[in-house]
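Please open the structure in your viewer and keep the sequence panel beside it, since each stop on this tour begins with something to select.

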Amino acid sequence: MKNIFDAPFIREMRAVTANMYRLGWDERNGGNISYMLDENEVAEYLDLNSVIRTIPTGFDAKELIGKIFIVTGTGKYFKNIDSDPENNLGIIRIAGDGTTAELLWGYSDGGRFTSELPAHLMSHISRLSVNPENRIIMHCHPDNTLAMTQVHEMDERKLTRTLWKQMTESIVVFPDGIGVLPWMVCGTNEIGKATAEKMKKYRLVVWTLHGIYGAGKDMDETFGLIETVEKAAIQYMLTAHLPKVNTITDDNLRALAKAFNLDYRKDFLD
């Protein structure tokens, strides 16, 4: 078999988590990622009949039975993943009962997946129902997006409009807008269910006073969604207290949508 450390999905996880830590989005053990893998690709690197141990997930993910994921570990720091992926990451398969994860590789110190795995699995199910190509769920704490939740009204239409109007790129990158949740206790099935419900309409969900969830077909798309929201939030936090001389109008946004043939939230414009 091929060396697991050469696998593209391991290299992707090492690179993206290192970058997210460098950007300050994932302090300490904050943030988590789950990445649904192709079984045939994984089989090039692992014996899929060899299960190290089983771990209860705390959620019935029957829609994902047999699916394989690489997932960041609970209590693990993103800054350590690149140097020690086998300890800080795990490759799991959802077992036939839907409520158990079979560990195929990783968590070498006896650890387990992020406590927010149920929220991830729920969001995977929601996104797959609207986009069968979805593979990534990514959660992090970008500074300015988080700060914005303290000073901006947390309404989906109002937040999306504000971010769309910060820079021309915004509506092009996330024309479907941004879902919003009020503050909730993290790591619970309740916040997972609420996030998954939003994920039926949005690829991005902001958790008030906590962070953001993003979904996409690959790492670049998902990271890029969050990166663009954060860039727009930076512009807002830099200028919100200043008089506006120039702004992107609703007509400008409609012109962008027409030029880029966007399927956007028309009800979010006046």
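Begin by selecting Gly24, which comes just after H1 and takes a positive phi of about 85°; remember, here and at every later stop, that you are looking at a predicted model.

Now step back to H1 itself, a helix of 15 residues that reaches 21 Å from its first C-alpha to its last, close to the 21 Å expected at 1.5 Å a residue. Which residues of H1 are buried? Select Phe9, Ile10, Met13, Val16, Thr17 and Met20, for these are the buried residues of the helix. If you turn the view until you look down the axis of H1, you will find its buried residues within an arc of 145°, so they line one face of the helix. The general reason such a face can form is that an α-helix has 3.6 residues a turn, so residues three or four places apart point the same way.

The next stop is about aromatic rings, and a search of the whole structure finds 5 aromatic pairs. Select Phe5 and Trp105, whose ring centres are 6.1 Å apart and whose planes stand at 75°, above the 60 degrees needed, so this pair counts as edge-to-face. Phe5 belongs to the segment before helix H1 (8-22), whereas Trp105 belongs to strand E5 (residues 100-106), so that the pair links distant parts of the chain, 100 residues apart. Colouring by accessibility would set the two partners apart, because Phe5 is partly exposed, with a relative accessible area of 31%, while Trp105 is buried, with a relative accessible area of 6%.

Then select Trp25 and Phe223, where the ring centres are 5.1 Å apart and the planes meet at 25°, so that this pair is stacked. Trp25 sits in the loop between H1 and strand E1 (32-37), and Phe223 sits in helix H9 (residues 219-239), so the pair ties together parts that are 198 residues apart in sequence. Both Trp25 and Phe223 are buried.

Switch now to a cartoon view and follow the sheet, in which 9 strands are arranged in the order E2-E5-E4-E3-E1-E6-E9-E8-E7, forming an open sheet with mixed pairing. At its edges you will find strand E2 (53-56) and strand E7 (179-181), each with a single partner strand, so one side of each is left without a neighbour in the sheet. From one strand to the next, the twist averages 25°. For a look at one pairing, select E1 and strand E3 (residues 68-72), which run antiparallel and are joined by 4 bridges; Ser34, for example, has Val71 in E3 as its bridge partner.

Keep the sheet in view and add H9, which packs on the sheet and touches E1, strand E6 (136-140), strand E8 (204-207) and strand E9 (211-216), its direction making about 145° with that of E9.

The last stop is helix H5 (residues 143-151), where you can select Thr145. Is Thr145 buried or exposed? Thr145 is buried, with a relative accessible area of 6%, and, leaving aside residues up to four places away in sequence, Thr145 touches Val206, Val229, Glu230 and Ala233. The buried residues of H5 are Thr145, Met148 and Thr149, and seen down the helix axis they fall within an arc of 105°, so they line one face of the helix. These buried residues pack against helix H6 (156-164), E8 and H9, whereas the face of H5 turned away from its buried side carries the exposed residues Gln150 and Val151.

Notes: Residues numbered from 1 in each chain as written. Predicted model: local features only at pLDDT ≥ 70, side-chain atom pairs only at ≥ 80, totals over all residues. Heavy atoms only, no water. Phe/Tyr/Trp six-rings, centres within 6.5 Å; stacked < 30°, edge-to-face > 60°. Helix = DSSP H or I, 4+ residues; strand = E, 2+ residues; numbered from the N terminus. Buried < 20%, exposed > 50% of the residue type's maximum accessible area, 1.4 Å probe, protein only. Expected span 1.5 Å × (residues − 1). Arc of directions from axis to C-beta. Pairing = 2+ DSSP bridges. Axes fitted to C-alpha atoms, helices over the stretch in contact; angles between N-to-C directions. Contact = heavy atoms within 4.5 Å.
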